[in-house]
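Trainee: I should like to discuss how the terms applied to this model are justified. May we take them one at a time?

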Amino acid sequence: MKDICQLTDGEKRNGKGICLDAKFLRGKSSATIIEKGRFVYAGDNIILVDGENSGEVFSIPQDGYMGSTFKQLWLSSVMWKPCILAFILFYKEALRNSKRGAAIPHLNKDLFYKLPIGIPPLSEQQRITCQINNLFQLIK
């Protein structure tokens with residue numbers, strides 16, 4: 001995973017913007033405006049690194065400041081984004097079960113970066129992701 005993903009802090013900025021915390025991104029709270037933070041753009045991906053749901057990935061719906069429990073998830077252009085996200089979802093339980101810290105559990109970044117992931121040709125990545133999506137539909 002370390003060859004195709006990086007966890008970054010994001011760009012520090014000042015100025016009014018929406019706080020993109022987990023509750024807002026899940027649709028469970030309304031937008032809060034803050035004055036500064038780590039800016040992310042619509043379409044970027046962020047990953048929860050602190051708390052019970054560490055390892056959960058969100059695609060940003062609009063520009064704003066990511067919540068303090070997130071890191072920006074940089075994805076290599078070598079991989080098709082939906083394919084990488086499917087692999088991360090596949091490893092979700094392993095990431096949740098290996099958190100570090102007593103008071104507030106944190107994503108085990110060493111484990112995250114060591115997760116094995118194949119890098120097939122783009123057409124194969126698309127086929128795999130399509131099959132995964134079809135199987136998830138059957139499970140629902």
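Mentor: Setting aside residues up to four places away in sequence, Lys71 touches Leu7, Thr8, Asp9, Ile46, Ile47, Val49, Met66 and Lys109, where contact means heavy atoms within 4.5 Å. This is a predicted model, in which local features need pLDDT of at least 70 and side-chain atom pairs count only at pLDDT 80 or more, while totals for chains, interfaces and linings use all residues. Residues are numbered from 1 along each chain as its sequence is written, and side-chain values use heavy atoms, with hydrogens and water left out.

Trainee: What makes the link between the side chains of Lys71 and Asp9 a polar contact?

Mentor: The definition asks for a pair of N or O atoms within 3.5 Å; within protein, one must be able to donate a hydrogen and the other to accept it, and residues adjacent in sequence count only if both atoms are side-chain atoms. The side chains of Lys71 and Asp9 are joined at 2.3 Å, so the distance satisfies the cut-off.

Trainee: Why is the pair Arg127 and Glu124 called a salt bridge?

Mentor: A salt bridge requires a side-chain nitrogen of Lys or Arg within 4 Å of a carboxyl oxygen of Asp or Glu. Arg127 and Glu124 meet at 2.8 Å, N to O, and therefore qualify.

Trainee: Why is Ile139 called exposed?

Mentor: Buried means under 20% relative accessible area, exposed over 50%, and partly exposed in between (1.4 Å probe, protein chains only). Ile139 has a relative accessible area of 66%, so Ile139 is exposed.
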